[in-house]
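Grab a pencil and work through these exercises with the structure open beside you. Try each task before you read its solution.

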Amino acid sequence: MRTSPPDFSRARVLVVGDVMLDRYWTGPVQRISPEAPVPVVRVRADHVRAGGAANVALNVASLGARVRLIGVVGRDEAARQLDEALDGTGIAAEWIRTERLPTITKLRVLSRNQQLLRMDFEEALDVAGAFDREALRDVFEQRLADCDVVVCSDYGKGTLSDVADLIAAARAAGKPVLVDPKGTDYARYAGASLLTPNVAELEAVAGAARDEDDLLGRAEALQARLDLDGLLLTRSEKGLSLLRAKQPPLHLPAVAREVFDVTGAGDTVIATLAAALAAGVELPEACRLANLAAGIVVGKLGTASVSVAELDAALHPQGLDAAVLDEAALLARVAAEREKGRRIVMTNGCFDLLHVGHVKYLEAARALGDLLIVAVNDDDSVRRLKGPSRPVNAGADRMRVLAALRSVDCVVPFAEDTPARLIAAVLPDVLVKGGDYRPEQIAGHDVVTASGGEVVVLDFHAGYSTTGMLERAKS
């Protein structure tokens, strides 16, 4: 079993399918409409994200793999916004433009991180003349030579009307094809390497299962009938099941610690699977990575992706060391917590000899928000600040002791004399310091307040001091 993610940088993935724009209107609900018994949302923010097959591509790119995306869009404002959402992601997008139809758009209205309403703006792409299907096949075939794995992301909108031809072309070129299927006509996916249906999708095709054995039997029969190399059944709270001919099923239990939003979890599964296979990982291990990635992404709001740092953290046993992060892992954790609407608190110090004063101070800091980050001076930084005889305890030991405190969620080292650069990267909602400082004297004050955060000065508890403890030890 792997203990670290593979090198995704050499992986090349080609994604083709139904691309769409996901829009999110968010704001508070404070009253019911006098016109009808519905909540009134005061919209405070309008966010756009790439959805559908574009979200699959984003999930691949977030792991550091190279990805090319082929899809159908209109000549409209939504297509322009989709381009903006993909700008800077490293995704090479090639659009087949339709003159007749709009770019598929899903608008979700949310309040307090709960979805109240979804509105879809779309027209079927599977009707004759909706878009140039021959042009899509030509572009697809031209790009096969530059990929290791193909993903067909089918949302049932019509982009993959000729998916059988695409699968045949990819297999003829020696490329594995992963398909996220839709509808009940699975015959068109025959010959693919692997399908990733959920239980409801499988039963819609193979019939309702009486029990666990019947479910797996139906899945195995479908795999054989379609001549697939494998079938990966996604099973919500039961995790994933990999079925392959003449091999026992591989069951992977769900690993999510908190389910916040399952939107796009299937995209994350197939994207991680594709990137891992393209990086040279064997199928069972690739499925384990995909299962871990799904457990991470359901803890985020809306369509989201997983970073290598998050995947790396999920691969390691949980415990005290899980709270000690490097900067990249910390920023990934902060981004994930912000997706959940969590209030981030940050403080810093040497914490050489941890004493009761520190413990009380950190408890007070943690009470100001939902997640407390403690930035710790590394050993060289402590020497510059405190002199050559310090620190008494090495940085790794100081951080692990801090991680053992219930009030501390994340511990991260920094090498500079002040944590100003790290604070600017994190941009906490609350920056905390202990002592008789004025807020404007605290490193990072300017960037935190400029971003809408606050700086809080807490009193140190009298009678507790690392220097005093060392002096007493000498006497």
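**Exercise 1.** Find the residue in β9 that is the bridge partner of S111, then describe how β8 and β9 are joined.

*Solution.* Keep in mind that you are looking at a predicted model.
- Step 1: Start at S111 and look across to β9, where its bridge partner is Q114.
- Step 2: Now follow the two strands along. β8 and β9 (residues 114-121) run in the antiparallel sense and pair over seven bridges.
- Step 3: Check the turn. This hairpin has two residues between its strands, and R112 takes a positive phi near 50°.

**Exercise 2.** Work out which strand pairs with β8 in the parallel sense, and decide whether β8 is enclosed or open.

*Solution.*
- Step 1: The parallel neighbour is β2 (residues 19-26), which pairs with β8 over six bridges. For one of the contacts, go to W25: its bridge partner in β8 is V109.
- Step 2: Take the two faces of β8 in turn. T105, L107, V109 and S111 are buried on one side, and K106, R108 and L110 are buried on the other.
- Step 3: Put that together: seven of the seven residues of β8 (residues 105-111) are buried, so the rest of the structure largely encloses this strand.

**Exercise 3.** Trace the nine-stranded open sheet and name its edge strands.

*Solution.*
- Step 1: Read off the order, which is β7-β6-β1-β10-β11-β12-β13-β14-β15, with mixed pairing.
- Step 2: Look for strands that pair on one side only: these edge strands are β7 (92-98) and β15 (250-252).
- Step 3: Add a helix. α3 (residues 133-143) packs on the sheet and touches β1, β6, β7 and β10, and its direction makes about 175° with that of β6.
- Step 4: Add another. α7 (residues 265-278) also packs on the sheet, touching β1, β10, β11, β12 and β13, and makes about 175° with the direction of β11.

**Exercise 4.** Describe how α8 and α9 sit against each other.

*Solution.*
- Step 1: The axes of α8 (residues 283-297) and α9 (residues 308-315) come within 10 Å and cross at roughly 105°.
- Step 2: An angle of 65 to 115 degrees counts as roughly perpendicular, and therefore that is the label for α8 and α9.
- Step 3: Look at who meets whom: L289, L292, A293 and I296 from α8 face E310, L311, A314 and L315 from α9. Sorted by class, that contact has seven nonpolar, no polar and one charged residues.

Notes
Residues are numbered from 1 along each chain as its sequence is written. This is a predicted model: local features need pLDDT of at least 70, side-chain atom pairs count only at pLDDT 80 or more; totals for chains, interfaces and linings use all residues. Side-chain values use heavy atoms; hydrogens and water are left out. Axes are lines fitted to C-alpha atoms, for helices over the stretch in contact, and angles run from 0 to 180 degrees between N-to-C directions. Helices (H or I, at least four residues) and strands (E, at least two) are DSSP runs, numbered from the N terminus. Angles under 35 degrees count as roughly parallel, over 145 as roughly antiparallel, 65 to 115 as roughly perpendicular and the rest as oblique. Contact means heavy atoms within 4.5 Å. Ala, Val, Leu, Ile, Met, Phe, Trp, Tyr, Cys and Pro count as nonpolar, Asp, Glu, Lys and Arg as charged, and the others, Gly among them, as polar. Two strands pair if DSSP finds at least two bridges between them. Buried means under 20% relative accessible area, exposed over 50%, partly exposed in between (1.4 Å probe, protein chains only).
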